[in-house]
Amino acid sequence: MQDGTEPLQDSGQEAPKRSKGIYMLPNMITLAALFGGFYAIVMAMNGRFDLATLGIFAAMVLDSMDGRVARLTNTQSAFGEQMDSLSDMVSFGAAPALVAYVWVLKDIGRWGWIAAFVYCACAALRLARFNVNTGVVDKRYFQGLPSPAAAALVAGLIWLANELELDRTALTWPLFALTLYAGLTMVTNVPFYSFKDLSLKKSVPFAAIVLVALGIAVINIHPPTVLFGVFMIYGFSGYAMYFWRRSKGRPTSVISTSTDEPDERGLHE
């Protein structure tokens, strides 16, 4: 070289390796979501079901943020993905099942803990399948009901009942049925719209901002009723889409968007 120095590889020395670290911001949000699920369990044990359900909904908000923050700040990592799944298992798997069981399902004996366990097990299966199928599922849809939405169905009914001071014993079997429905729907192949094709970086019409403002106003009328209604509609929307696709002769599976590859045969039935 002109300045008299030689390349590092010629001197027999190796370039120093960068130490692998953990990105702070997205993982702090994930930890906060995990705390929301843990808080829900503790509050349910203390009989504060109003705070327990709020803990689950707070975890939902935080869970929707960590991935977006990681992408916006370019801090995605394999560690973060695993941490997110473990946090989801607590906040949207174990917490809703335990809150529902302590609230009223324990009154029906073995049927109550069976329903709670089925929900918890299905949440674990759903999260494991999501991690395995990330690369082959159409990004516009979820394969089965996403675990945060399933948690919102179970926690939403409890939140609404507490706000309206309804007789919990009259809701024992409705909650039993809803817990089983939410759990089993998580492990189906029914497509649920993911909203992932909506980009925050793209410009939108002025009317879209007005609709957002109206949505916030409607939610504030009575948050438990409105949010539970919204998630009930979403919780059944997948089956409506499934039967609509089937009636049109379209593939009902969201695994991959192509049928040309040999490995994809049989995945769209």
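This passage describes the nonpolar core, a surface patch and two helices of a predicted model.

The largest nonpolar core of the predicted model comprises 52 residues. Within this core, the residues with the most contacts are V99, W103, Y119, L145, I158 and L175. At least two core residues are supplied by each of helix 1 (24-45), helix 2 (49-72), helix 3 (78-103), helix 4 (110-132), helix 5 (147-163), helix 6 (172-186) and helix 8 (223-247). Helix 5 provides the largest share, with 12 residues. The surroundings of V99 were examined with its neighbours within four places in sequence left aside; on this basis, V99 is in contact with A40, A44, F49, A52, I56 and I158.

Two of these partners, A40 and A44, also appear among the buried residues of helix 1. Helix 1 contains 22 residues, and the span from its first C-alpha to its last is 31 Å, close to the 32 Å expected at 1.5 Å a residue. Its buried residues are P26, N27, I29, T30, A33, G36, G37, A40, I41, M43 and A44. The packing partners of the buried residues of helix 1 are helix 2 and helix 3. Just after helix 1, a positive phi of about 80 degrees is found at G47.

At the surface, W111, W113, I114, F117 and W173 form a nonpolar patch of about 600 Å². Helix 4 makes the greatest contribution to this patch, giving 4 residues. One of the patch residues is W113, which is located in helix 4. The relative accessibility of W113 is 48%, so this residue counts as partly exposed; the class of exposed residues begins over 50%. Helix 4 is thus represented both in the nonpolar patch and in the largest nonpolar core, to which it supplies at least two residues.

A contrasting environment is found at G238, a residue of helix 8. G238 has a relative accessible area of 0% and is therefore buried, the limit for this class being under 20%. With residues up to four places away in sequence not counted, G238 touches V190, P191 and F192. The C-alpha atoms of G238 and Q143 are separated by 9.5 Å, although the two residues are 95 residues apart along the chain. Helix 8, in which G238 lies, is also among the helices that each supply at least two residues of the largest nonpolar core.

Definitions and conventions
Residues numbered from 1 in each chain as written. Predicted model: local features only at pLDDT ≥ 70, side-chain atom pairs only at ≥ 80, totals over all residues. Heavy atoms only, no water. Core = buried A, V, L, I, M, F, W, Y, C linked by side-chain atoms within 4.5 Å. Buried < 20%, exposed > 50% of the residue type's maximum accessible area, 1.4 Å probe, protein only. Contact = heavy atoms within 4.5 Å. Patch = residues over 30% accessible without salt bridge, like charges linked within 9 Å, V, L, I, M, F, W, Y side chains within 5 Å. Areas by Shrake-Rupley, 256 points an atom, 1.4 Å probe, with all protein chains shown as cover. Salt bridge = Lys/Arg side-chain N within 4 Å of Asp/Glu carboxyl O. Expected span 1.5 Å × (residues − 1).
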